[in-house]
Amino acid sequence: MVMRRKKINSIYYGNANVSPKIPADTERRIQETYQMIRDKETYPENQVFRRRFGGKRYAIAAALMICCITLSGTALAKNVIGKTFTLLIQSVQGTKEQKEEETLYEKAGEYSQPAEAVIATAEKGSMEVTDYFCDGKCLYLFFVLNTDDESMKESDWVHDDTLEITGESAFKVNGKEVLPEENLVLRKAENGVFAGRSVIMLPDGLLSENSEDLHVDICMAGVAGYLGDEREIVTEEGQPAVLTDKKTGEFSEYFQFDFQVAVDLANNEPMKMRQVTGTISLEYVLRTPGGIYVKFSENGLSEHVAPVLYDEEGNTVTKYGSQDSLWRFAYAEGEDFVLKIQDISEGGNDAVIGEIALAIEDEGKE
């Protein structure tokens with residue numbers, strides 16, 4: 001329990017008061033507006049501005065957009081990618097995973113579906129599943145917790161205590177208990193407001209080829225809030241004293257959710273293998289708005305080796321986790337990638353024992 005909390009703290013704690021950068025989608029819209037000014041004869045479908053005003057209207061629109069960004073990047077982001085994803089971007093400022101998390105939230109803001117009235121209320125506050133996204137490989141759920149409880153409002157982060165209280169996962173998909181990649185953590189985004197996400201890799205066979213929906217059942221036995229920069233000594237009978245994160249408060253009430261999630265495969269992009277060295281065997285490589293998935297053939301990757309993915313600029317793509325020979329990496333732009341297999345056994349010295357050149361298939365998306 002202590003080790004898990006230390007890991008969560010080391011990953012998620014950071015300065016949450018830095019304003020988020022302008023989302024990429026916003027920047028794109030600004031540039032499109034400028035292009036409209038330069039090409040006055042071009043008018044997008046359903047454009048509300050009348051032709052007789054020409055480029056002047058576009059100039060006004062661009063100026064207003066820039067003013068909004070200058071005055072309040074956060075406020076504009078809420079209009080572009082939604083309230084929840086703005087809070088999520090705010091909550092990861094200053095963390096080690098800021099870049100990857102921002103990319104995930106911007107993509108999720110573009111492709112996710114809003115969850116309707118999926119709210120659970122307890123004595124000290126309420127939790128809501130605001131949005132979801134499923135690319136057929138992983139289920140992405142996005143949460144917001146609101147509380148007026150003063151002790152909880154002092155917290156830097158809040159996490160789901162269900163596994164520690166009951167010994168079981170809080171999550172079930174299609175009736176099967178599933179474990180998220182990481183314990184659900186919601187970081188402070190505003191005073192009394194915490195935002196977080198849960199990523200669940202779907203076990204083999206859980207989703208049939210013809211399945212269009214998932215039934216999601218969540219039953220949290222409680223959540224607890226912690227300060228990310230303070231420790232306290234915890235002593236258990238017969239055990240040495242240890243330092244753990246300082247608890248600020250907790251909800252002992254249950255948060256229960258029951259809803260359907262639509263599976264969206266429309267934006268999945270398969271990759272093809274261009275060149276292979278070594279004896280590593282892959283079933284497929286797939287890029288979706290949620291990330292990049294590498295599926296190894298059965299017994300194609302032993303516990304003594306590990307995959308490392310590089311983008312077309314040679315940067316290492318963040319690796320999240322694996323299940324049933326399926327590895328998930330962060331989303332990365334570009335068309336060409338290199339997958340290297342390293343020997344991580346004792347004495348292996350991380351030697352590269354296989355290498356595969358990958359590229360997005362020209363035929364397009366699935």
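Let me start with one contact you can find on the screen: the charged end of Lys340 sits over the ring of Tyr310, 5.2 Å from the ring centre. By that wording I mean that NZ of Lys or CZ of Arg is within 6 Å of the ring centre and within 35 degrees of the ring normal.

Before going on, I should say that this is a predicted model, in which local features need pLDDT of at least 70 and side-chain atom pairs count only at pLDDT 80 or more, while totals for chains, interfaces and linings use all residues. Residues are numbered from 1 along each chain as its sequence is written, and side-chain values use heavy atoms, with hydrogens and water left out.

Now to the aromatic rings. Rings of Phe, Tyr and Trp (its six-membered ring) pair if their centres lie within 6.5 Å, and planes under 30 degrees apart count as stacked, over 60 as edge-to-face and the rest as tilted. With this rule the count comes to 6 aromatic pairs. One of them joins Phe85 and Phe142, which meet edge-to-face at 4.9 Å centre to centre, with 70° between the planes. Phe85 lies in helix 5 (residues 83–91) and Phe142 in strand 4, so this pair ties together parts that are 57 residues apart in sequence. When I speak of helices (H or I, at least four residues) and strands (E, at least two), I mean DSSP runs, numbered from the N terminus.

Are these two rings buried or exposed? Phe85 has 2% relative accessibility and counts as buried, and Phe142, at 0%, counts as buried too; the term buried means under 20% relative accessible area, exposed means over 50%, and partly exposed is in between, with a 1.4 Å probe and protein chains only. Phe142 has another partner in Tyr105, and because the ring centres are 6.3 Å apart and the planes stand at 75°, that pair is edge-to-face. Here, too, distant parts of the chain are linked, with Tyr105 in helix 6 and Phe142 in strand 4, 37 residues apart. Tyr105 is buried at 2% relative accessibility, and ring pairs link Phe85, Tyr105 and Phe142 into a cluster.

Helix 5, the home of Phe85, is mostly covered, with 8 of its 9 residues buried. Those buried residues are Thr84, Phe85, Thr86, Leu87, Leu88, Ile89, Gln90 and Ser91.

Strand 4 leads us to strand 9. Two strands pair if DSSP finds at least two bridges between them. Strand 4 (residues 138–147) and strand 9 run antiparallel and are joined by 9 bridges, and Leu141 has Ser198 in strand 9 as its bridge partner. Strand 8 (residues 185–190) also pairs with strand 9 in the antiparallel sense, over 5 bridges, and here Glu190 has Val193 as its partner. Strand 8 and strand 9 form a hairpin with 2 residues between them, and Gly192 in the turn has a positive phi of about 80°.

Why is strand 9 described as largely enclosed by the rest of the structure? The reason is that 9 of the 9 residues of strand 9 (residues 193–201) are buried. On one side the buried residues are Val193, Ala195, Arg197, Val199 and Met201, and on the other they are Phe194, Gly196, Ser198 and Ile200.

Strand 10 (residues 213–220) shows an alternating pattern, in which Leu214, Val216, Ile218 and Met220 point to one face and are buried, while Asp213, His215, Asp217 and Cys219 point to the other and are not. Strand 10 is joined by 3 bridges to strand 6 (residues 171–173), antiparallel, and by 8 bridges to strand 13 (residues 255–262), also antiparallel. Val173 has Val216 in strand 10 as its bridge partner, and Asp213 stands opposite Ala262 in strand 13.

Finally, the empty spaces. Rolling a probe the size of a water molecule over the atoms shows where empty space is left. On a 1 Å grid over the protein atoms alone, a cavity is a set of points where a 1.4 Å probe fits but cannot get out, and lining residues have an atom within 4 Å of a point. Grid points are joined across faces, edges and corners, and a volume is the space filled by probe spheres set on the points. There are 5 cavities of 30 Å³ or more, and the second largest has a volume of about 60 Å³. Its lining consists of Glu100, Thr103, Leu104, Gly290, Tyr320, Arg328, Ala330 and Tyr331, and helix 6 (residues 98–111) gives the largest share of that lining, 3 residues.

Note on methods
1 Å grid on protein atoms, 1.4 Å probe; cavity = no way out; pocket = protein on both sides within 12 Å on 5 of 7 lines; lining within 4 Å.
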